[in-house]
Amino acid sequence: MMRIGIVLGSTRPNRKGPQVAQWVLDTASQRGDAEFELIDLRDHPLPHLDEPAPPMFGPSVHEATRAWAERIAPFDGFVLVTPEYNGGVPGVLKNAIDHLCAEWADKAVGFVSYGVSGGARAVVQLRTVCGTLGMADVSYQVAISVLTDFENHTTFTPRDHHVAALHKTLDQVVAWSAALAPLRTGAATALVDS
């Protein structure tokens, strides 16, 4: 069965992300077509990228980066839950992505974003970053407005169209993760043979 990581891409105090990420996990866990697990970046503090060599050249010399790589590597695909900060990706999420390379490659990725404009501009940037790392970004996404989709601006209240969009996103992430499995197996075999 495919394993999909749901990455919560904000670490700010009073963040809205945990409600959104928990909704994604709760909804996904009812499906039965993959195993879903929440990965909160608060649980994986990484320094601002301080690697002496790019991640593409092999294992890190830093324990925190190696632990992060071990956390990410087993997953077949991801859903990135991201806010939009000042028209872009949160620095902590970009930093976490930049710490790794091979662990992201040949895996599907979908997006659930939130912000004043639904987080759309953050997703545009993430599509470019993820594509550069060899990830396959799915076309469906969920866009949540912090102005209209949070009761009293505090409690997330998903609407029917959010649920439908999430299921379409998850359908694609699971299907693409399965389709990309031979590439991941081939990469692992190549590493063992070298």
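1. Strand β3 is largely enclosed by the rest of the structure in this predicted model, because seven of its seven residues are buried. Burial holds on both faces: Gly 77, Val 79, Val 81 and Pro 83 lie on one side, and Phe 78, Leu 80 and Thr 82 on the other. In a regular strand, side chains alternate between the two faces of the sheet.

2. β3 has strand partners in β1 and β4. With β1 (2–8) it runs parallel, joined by five bridges; Ile 4 has Gly 77 of β3 as its bridge partner. With β4 (residues 108–115) it also runs parallel, through seven bridges. Here Pro 83 is partnered by Tyr 114 of β4. From β3 the chain passes through α3 to β4, a right-handed β-α-β crossover.

3. The crossover helix, α3, spans residues 91–98 and buries Leu 93, Asn 95, Ala 96 and Ile 97. These buried residues pack against β1, α2 (63–72), β3 (77–83) and α4 (120–132).

4. Helix α4 has 13 residues and extends 19 Å from first to last C-alpha, close to the 18 Å expected at 1.5 Å a residue. Its buried residues are Ala 122, Val 123, Leu 126, Arg 127, Val 129 and Cys 130; note that Arg 127 is among them. They pack against β3, α3, β4 and β5 (136–145). Contacts between α3 and α4 thus appear from the α4 side and from the α3 side.

5. Just after α4, Gly 134 adopts a positive phi of about 85°.

Technical notes: Residues are numbered from 1 along each chain as its sequence is written. This is a predicted model: local features need pLDDT of at least 70, side-chain atom pairs count only at pLDDT 80 or more; totals for chains, interfaces and linings use all residues. Side-chain values use heavy atoms; hydrogens and water are left out. Buried means under 20% relative accessible area, exposed over 50%, partly exposed in between (1.4 Å probe, protein chains only). Helices (H or I, at least four residues) and strands (E, at least two) are DSSP runs, numbered from the N terminus. Contact means heavy atoms within 4.5 Å. Two strands pair if DSSP finds at least two bridges between them. A crossover is right-handed if, with the strands pointing away from the viewer, the path from the first strand over the helix to the second runs clockwise. The expected span of a helix is 1.5 Å times one less than its number of residues.
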